[in-house]
Amino acid sequence: MCGIVGIVDAGGVSHPLYYALYALQHRGQESAGISVINGDRLRKHKAQGLVAEVFDPETLRRLEGQIGVGHVRYPTTGANTPENIQPFNFRFMGKGFAIAHNGNLVNTRELRSYFEQAGQIFCTTTDTEVIAALIADELRRSGSIEDAVRLCMSRLRGSYSVVLAYDGALYAFRDPLGIKPLCLGRTARGHIVASESVAIDALSGTLVRDVRPGELLRITGDGVSSTRITKVDRTAHCIFEYIYFARADSVIDGVLVYDVRRKIGKRLHEEAPADADAVCPVPDSGTAYAIGYAQASGVPFTESLIKNRYMGRTFIMPSQAAREQAVRIKMNPIRKHLDGRSIVLIDDSIVRGTTSRRIIQMIRSAGAREIHMRIGSPPIRAPCYLGVDMPTREELIASCRDEEQVRDSVTATSLHYISFDALIEAIGHPCDNLCTGCLSGCYPVAIDGEHARAREVEFLDETLQLGLDSFGGTA
Ligand code: AMP
């Protein structure tokens, strides 16, 4: 997980980067950072905490420049230490570069050891530093970022959306399968590349399009150019972005996330209608699903849990005990909406089962008679190696339990998970173009000890150079 953004703006980038990171805060709450390049000078500010805690007017004022990158971190690999906070600034052969990355590599260890054998040292335990080392390795030989990204794509295995400020330009690239999202937008005085389109909206910009899998964009004050480095028959967009991770108001790979969730809600009603007085979401992740279910069923949409908006996501709590306590602080039931009633309770997913069990207990103690749980994803049965913090099989409640056993464990009156086919239909991309590893246990890249249907990646001999017009004019 993590959110990234890169901006080129004639009027300065520090404030636009700050607003964009604010819009991407849901993608990571552990730390935030901004790096800005001004001629040859690199400046950065980064720290642990939420965007609002990390920056103040004075730090933003000092980050002067017309090109910059930003990052919010949600750790999947690498310890929670100050060195691991992104973006990273490097100096290489007299030039500075700043880099930020979203995704997870599955061959970091071998790449790291390749460099270590050659005597290179690392300052962090992140994948991002390995990507930077590969880029520097090729820049040393050819001096071309296009070649460096080509080398990266041939060596990296896993998911990576990257923004990079170097030598008077912003570069952005996405792995050959397009696993993690990345999109391009136009603003009044420049361009923005970000993990989700909500960051473009935050700057009153216009979404131009998604960065294509295997594509490298180069953005300067004069506009945008594109190099297609690889081609695949089948992409592998992360299905969990649509289910939970992305904001509902984002458009990812051409699809509005809200629409997907509302359609799933409708299908949940068709697949598992319930005789109930109210349809209640688990806020906020269940809201769009519950609206779809309520519209399809005619049962009134009713808020019965109110979320404390000033708390981070429960998953970032360090221990199981802390997570359990956190659920109670995070949500409070409205007794009047629940007492003596039968409800349909809708959430996006069940991972460990902790949240659902605690919520059901809370709702039952507030007087609910029946709790029919409906879930917007199929059972999550396998870990994610490609960028979502999804625990081991032992911790996943559905990895070794059937639907009835999960129902029993979370103590719902009834339970239904959306069918796999209905989920795919709601997203609208062919199943073969999605990464469904967490649901199917079959991954789009080879992973030691796991089942894979690895996609064939073809490297293009002739890179396709797109002119400025295809990006809606110059900055
Ligand atoms: P639990 O079943 O207790 O593990 O919690 C599942 C809930 O946490 C889901 O309903 C989501 O709203 C949320 N969730 C799911 N996956 C993640 C994740 N990787 N990181 C943070 N929260 C998540």
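## A tour from the cysteines to the ligand and the loops

Select Cys238 and Cys384: the sulfur of Cys238 is 6.2 Å from the closest cysteine sulfur, that of Cys384, which is too far for a bond. This is a predicted model, and the distances and angles on this tour are computed from it. A disulfide is a covalent bond between the sulfur atoms of two cysteines. To count as one here, the two sulfur atoms must lie within 2.5 Å, so the 6.2 Å between Cys238 and Cys384 rules that pair out. Colour Cys238 by accessibility and it falls in the buried class, because its relative accessible area is 9%.

Keep Cys384 selected and add Cys2. By the distance rule the model has zero disulfides. Cys2 takes part in none, and the nearest cysteine sulfur to it, that of Cys384, is 12 Å away. Cys2 is buried too, since its relative accessibility is 7%.

**The ligand**

Now select the ligand and display the residues around it. There are 17 of them, and the closest are Ser349, Arg352, Gly353, Thr355 and Asp389. Colour this shell by residue class: eight are nonpolar, five polar and four charged. Then turn on the cartoon. Helices α8 (239-245) and α13 (354-365) each supply at least two residues of the shell.

Which backbone atoms lie at polar-contact distance from oxygen atoms of the ligand? Go through three residues in order:

- Ser349: a polar backbone atom is 2.7 Å from a ligand oxygen.
- Val351: a backbone N or O atom is 2.9 Å from an oxygen of the ligand.
- Arg352: a backbone N or O atom is 2.6 Å from a ligand oxygen.

With these contacts on screen, switch to a surface view. The ligand on its own exposes 500 Å², and the protein buries 96% of that.

**Gln25**

Move to Gln25, in the loop between α1 (14-23) and β2 (31-38). Is this loop residue buried or exposed? Gln25 counts as buried, because its relative accessibility is 14%. Show its side chain, which reaches the backbone oxygen of Gly28 at 2.9 Å. Next, hide the neighbours within four places in sequence; the residues then left in contact with Gln25 are Leu50, Val51, Ala52 and Val72.

**Backbone geometry**

The last stops concern torsion angles. Most residues other than glycine have a negative phi, and most peptide bonds are trans. The following four sites depart from that pattern.

Select Gln86 and Pro87. The peptide bond from Gln86 to Pro87 is cis, with omega near -5°. Pro87 sits in the loop between β4 (67-73) and β5 (88-92).

Select Pro283 and Asp284. They are joined by a cis peptide bond whose omega is about -15°. Look for Asp284 in the loop between β18 (278-281) and α10 (287-297).

Select Asp167, which is not a glycine yet has a positive phi of about 50°. Asp167 belongs to the loop between β7 (161-166) and β8 (169-174). With a relative accessible area of 43%, Asp167 is partly exposed.

Finish at Thr411, in the loop between α14 (403-410) and β23 (414-417). Its phi is also positive, near 65°. Thr411 counts as partly exposed because its relative accessibility is 34%.

Notes
Residues numbered from 1 in each chain as written. Predicted model: local features only at pLDDT ≥ 70, side-chain atom pairs only at ≥ 80, totals over all residues. Heavy atoms only, no water. Near = heavy atom within 4 Å. Polar contact = N/O pair within 3.5 Å; in protein donor to acceptor, adjacent residues only side chain to side chain. Areas by Shrake-Rupley, 256 points an atom, 1.4 Å probe, with all protein chains shown as cover. Helix = DSSP H or I, 4+ residues; strand = E, 2+ residues; numbered from the N terminus. Nonpolar A, V, L, I, M, F, W, Y, C, P; charged D, E, K, R; others polar. Buried < 20%, exposed > 50% of the residue type's maximum accessible area, 1.4 Å probe, protein only. Contact = heavy atoms within 4.5 Å.
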